[in-house]
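Colleague: Please pick one part of this model and take me through it closely. I would like its surroundings described as well, in plain terms.

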Amino acid sequence: MTEHLDHVARIQQAWARERPDLDVSPQGVIGRLHRLAGHLTEQLHVVYRRYGLGEGEFDVLATLRRAGEPFERAPGELAAFTMVTTGAMTKRIDRLERDGLVTRRPSTSDGRGRVVALTEAGRDLIDQAFAEHMRNERRLLDLLSPDEAAQLESLLATWLAGFETPRRS
């Protein structure tokens with residue numbers, strides 16, 4: 001009986017045939033992570049769309065909500081917490097403000113600065129959307145056993161730290 005080869009395994013086989021001089025084993029991890037990220041993103045967007053949000057808007061609302069009372073941040077802080085440019089952040093905030101989910105007001109500590117805050121409607125929406133988002137993530141993660149999920153989390157945390165932990169000279 002022949003073993004089912006996934007997309008990445010078929011690509012690796014072809015490269016091994018065409019370029020036997022190269023080690024294509026990294027594709028086994030990187031290629032699968034890349035494909036898995038696409039599948040996961042698609043599944044996460046289903047929930048965002050259900051609430052009329054894009055990934056960016058969801059991220060802004062979630063960042064404001066987890067900031068705690070009074071659920072507000074300066075636009076620059078939002079950009080830093082969501083890893084987007086200030087220009088992209090402005091567009092997101094404009095849309096969320098137009099939809100009544102956030103407000104902008106002058107900063108009390110910086111006369112030139114602005115503060116973005118969740119409205120009651122924004123808080124209600126993100127509370128509902130985030131609860132469904134967590135149920136969706138649980139459903140996706142339940143494709144693995146609890147032990148597998150814990151192992152994967154540990155491995156990914158270690159690997160990610162190699163990219164995100166500042167290196168000392």
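Modeller: Two strands are taken as paired if DSSP finds at least two bridges between them. By that rule this predicted model has an open sheet of three strands, in the order β1-β3-β2 and with antiparallel pairing. The edge strands are β1 (72-73) and β2 (102-106), each of which pairs on one side only. Strand β3 (residues 114-118) pairs with β1 in the antiparallel sense over two bridges. Across from V116 in β3 stands R73.

The part to look at closely is a pair of rings and what lies around it. The model has one aromatic pair. The ring centres of Y48 and F58 are 4.5 Å apart and the planes meet at 35 degrees, so the pair is tilted. The cut-offs behind that word are under 30 degrees for stacked and over 60 for edge-to-face, with the rest called tilted. Y48 belongs to helix α2 (residues 26-50) and F58 to helix α3 (residues 55-66), so this pair, whose members are ten residues apart, links distant parts of the chain. Are these two residues buried or exposed? Both Y48 and F58 are buried.

H133, in helix α6, comes next. Leaving out residues up to four places away in sequence, H133 touches L44, V47, Y48 and F58; both members of the ring pair are thus among its contacts. H133 has a relative accessibility of 6% and therefore counts as buried, because the cut-off for buried is under 20%.

The ring pair and H133 also meet at a pocket. Rolling a probe the size of a water molecule over the atoms shows where empty space is left. Y48, F58 and H133 are among the residues that line the second largest pocket, whose volume is about 170 Å³. Others in that lining include E55, G56, D59, A62 and R66, as well as T82, M83, V84 and R92. Helix α3 gives the most to this lining, with six residues. By class, the lining has five nonpolar, three polar and four charged residues.

Helix α2, which carries Y48, also takes part in the largest pocket. The volume there is about 1200 Å³. Of the 26 lining residues, L33, L36, L40, L152 and L156 are the closest to the centre. The elements that give two or more residues to this lining are α2, α6 (120-141) and α7 (146-164). The largest share, twelve residues, comes from α2. The lining divides into 18 nonpolar, five polar and three charged residues.

Last, consider V24, in the loop between α1 (7-18) and α2. V24 has a relative accessible area of 17% and is therefore buried, since buried means under 20%. Which residues does V24 contact, leaving aside its neighbours within four places in sequence? They are Q12 and W15. The C-alpha atoms of V24 and Q12 are separated by 6.2 Å, although the two residues are twelve residues apart along the chain.

To sum up the part chosen: the tilted pair of Y48 and F58 is buried, touches H133, and contributes with H133 to the lining of the second largest pocket.

Key:
Residues numbered from 1 in each chain as written. Predicted model: local features only at pLDDT ≥ 70, side-chain atom pairs only at ≥ 80, totals over all residues. Heavy atoms only, no water. Phe/Tyr/Trp six-rings, centres within 6.5 Å; stacked < 30°, edge-to-face > 60°. Helix = DSSP H or I, 4+ residues; strand = E, 2+ residues; numbered from the N terminus. Buried < 20%, exposed > 50% of the residue type's maximum accessible area, 1.4 Å probe, protein only. Contact = heavy atoms within 4.5 Å. 1 Å grid on protein atoms, 1.4 Å probe; cavity = no way out; pocket = protein on both sides within 12 Å on 5 of 7 lines; lining within 4 Å. Points joined across faces, edges and corners; volume = space filled by probe spheres on them. Nonpolar A, V, L, I, M, F, W, Y, C, P; charged D, E, K, R; others polar.
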